[in-house]
Amino acid sequence: MPRAPAAVSEPLTPMSPPVRRIADSPRFPQTADVVVLGGGFAGVAAAYELAKRGASIALVEKGLIAGEQSSRNWGWCRQQNRDPRELPLAQLAVRIWGGIDEEIGDQTGFRRTGLVYATSRASDLATWERWGRIAREFGVDTRMLTASETAALLPGNSRSWLGGVHSPTDGRAEPELAVPALAKAAQKHGAAIAQNCAAREFETTGGRISGVITERGPIRCSALLVAGGAWTGMFLRHHGLRFLQASVKSTSFFTLAAPAVTEGGVSMEDVTFRRRLDGGYTVGLSGLGQLQLSPYGILQAKAFWETFKVRRKGLSVSLGRQFFDGPEALRRWRADGLSPFEQIRILDPAPDRRLIERGIAGLIAAYPALASVRPAASWGGMVDSTPDAIPVIAGVAAVPGLFISSGFSGHGFGVGPAAGRLAADLIRGDKPCVDPTPFRYDRMTDGTDLGKPGML
Ligand SMILES: Cc1cc2nc3c(=O)[nH]c(=O)nc-3n(C[C@H](O)[C@H](O)[C@H](O)COP(=O)(O)OP(=O)(O)OC[C@H]3O[C@@H](n4cnc5c(N)ncnc54)[C@H](O)[C@@H]3O)c2cc1C
């Protein structure tokens, strides 16, 4: 059996969910085969895969491991409703999740509980039915539910549903544990991890990656993986590279231990919740978020128009400080001066009180047995998306040695283990674990496929 986590989780900021803390590696490396920028799921999973295969790795994280999206998400690990272009990655990921704790000798909290989506809208059922026909061709176990089957899978749920969909092989894991556990596993394989250490820019020799300048000095390397979450676009723009990316603020909370109404995840029309290892629930508001106006948001508006049209009903728009200092601001810096990455160590947006109230009211209305639950902690998180809502996991042909794994568009926790494996395959030139074509970088520059979001 995997060992229990050695360290206790704690909030990284007064308003963030608890996360298991990871100690820095004792040595700050001056050379590495690969530098990984970013200590979220994308960076840590790739670092783990690469280190396991014998590469020397330096992972630099401007704040703390899993400080941003990778600890703030809902913990759903699903194939259900994934964009067909992303399905092979999602399928591989749930297979990896199934054996991950055994492999690393630690706990990610993964449980294959199945997930249920319930609706009173005929349009949702039609979408899931259409998606299911495609997904079954990939071999995904997804089952449409009648009204009575939905009710049977949601005991204690007082609402009446038109129907639903069930994905029995999907599951949930604990964001507070998963990425830190993988980071520890990467360290065991020799990866050096430096937190509070921003990468300011990369260097090239003869056009190829030859090093990364960090706030603690340069690291010589022949490959760089940019896995900077919401900040990837800003880092790449500094080097004249285009990466279309926009973020929406989402609000979530968790409850303390409460009566067991599900062991898995339940998505209702606007409230989504899943059971936690500690017996509480992590609750989110599907489709509801805040679009924070930003210079790059405005400059890239055309590329995101199709996605915006699908999502606009659930979005409020705001203008604030992020216009000047957020990841989509217009910023310039030099390698020998403070970069924007050092000025915001952890992107930590405030949760929206009205959404928390709406979420708790929706949960209690559906489940009278939860009438006494209250939010124990709440937080905001920026969900970064590409225009076509699937990530880039690819090399950049114009700069040999430069790789990107970013733009996970709200899916990067569930697909994280497979995304790490694919990035490692591409960096090492090994046979890719899934067809990497849908994730190519070129679509950011030639516009192919952009403007066509699949399942959001
Ligand atoms: C509220 C919410 C709910 C979600 N629910 C789910 C879910 O249920 N299932 C699912 O699959 N996905 C979900 N997601 C999405 C998922 O969390 C993300 O897709 C995933 O965590 C992205 O991982 P990442 O590594 O790309 O980014 P991050 O986790 O944000 O990590 C990027 C890291 O890079 C660091 N960094 C940036 N720039 C630099 C630099 N210059 N130098 C050094 N470090 C740098 C940042 O500090 C950050 O720690 C959710 C997201 C949110 C916010």
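1. Lining of the largest cavity. In this predicted model, the largest cavity is bounded by P17, P18, S71, N73, E174, P175, E176, F254, R274, R276, T282 and W379. By class, this lining comprises five nonpolar, three polar and four charged residues. The space inside the largest cavity amounts to about 70 Å³.

2. Cavities in the structure as a whole. How many cavities of 30 Å³ or more does a search of the whole structure find? The search returns three. Point 1 concerns the largest of them, and the second largest is treated next.

3. The second largest cavity. This cavity holds about 50 Å³ of space. Its lining consists of A45, Y48, E49, I96, I100, E103, L182 and P417. The elements that contribute two or more residues to that lining are α1 and α3, the latter spanning 87-104. Six of the lining residues are nonpolar and two are charged, while no polar residue takes part.

4. Residues around the ligand. The ligand is surrounded by 36 residues, of which E61, S70, W76, G412 and G414 come nearest. By class, the shell divides into 15 nonpolar, 16 polar and five charged residues.

5. Polar backbone contacts to the ligand. Which atoms of the ligand face polar backbone atoms of G414, A199 and G75? For G414, an oxygen atom of the ligand lies 2.6 Å from a polar backbone atom. For A199, the ligand partner is a nitrogen atom, at 2.9 Å from a polar backbone atom of that residue. For G75, a backbone N or O atom is 3.4 Å from an oxygen atom of the ligand.

6. Burial of the ligand. Taken alone, the ligand exposes 1,000 Å², and the protein buries 98% of that area.

7. Secondary structure around the ligand. Two or more residues of the shell come from each of α1 (41-52), α2 (69-72), β15 (246-255) and β21 (375-385). Which of the elements provides the largest share of the shell? That element is α2, with three residues.

8. Elements common to the two descriptions. Helix α1 deserves a remark, as it appears among the elements that give two or more residues to the ligand shell and also among those that do so for the lining of the second largest cavity. In the latter lining, A45, Y48 and E49 are included.

How values were computed. Residues numbered from 1 in each chain as written. Predicted model: local features only at pLDDT ≥ 70, side-chain atom pairs only at ≥ 80, totals over all residues. Heavy atoms only, no water. Near = heavy atom within 4 Å. Polar contact = N/O pair within 3.5 Å; in protein donor to acceptor, adjacent residues only side chain to side chain. Areas by Shrake-Rupley, 256 points an atom, 1.4 Å probe, with all protein chains shown as cover. Helix = DSSP H or I, 4+ residues; strand = E, 2+ residues; numbered from the N terminus. Nonpolar A, V, L, I, M, F, W, Y, C, P; charged D, E, K, R; others polar. 1 Å grid on protein atoms, 1.4 Å probe; cavity = no way out; pocket = protein on both sides within 12 Å on 5 of 7 lines; lining within 4 Å. Points joined across faces, edges and corners; volume = space filled by probe spheres on them.
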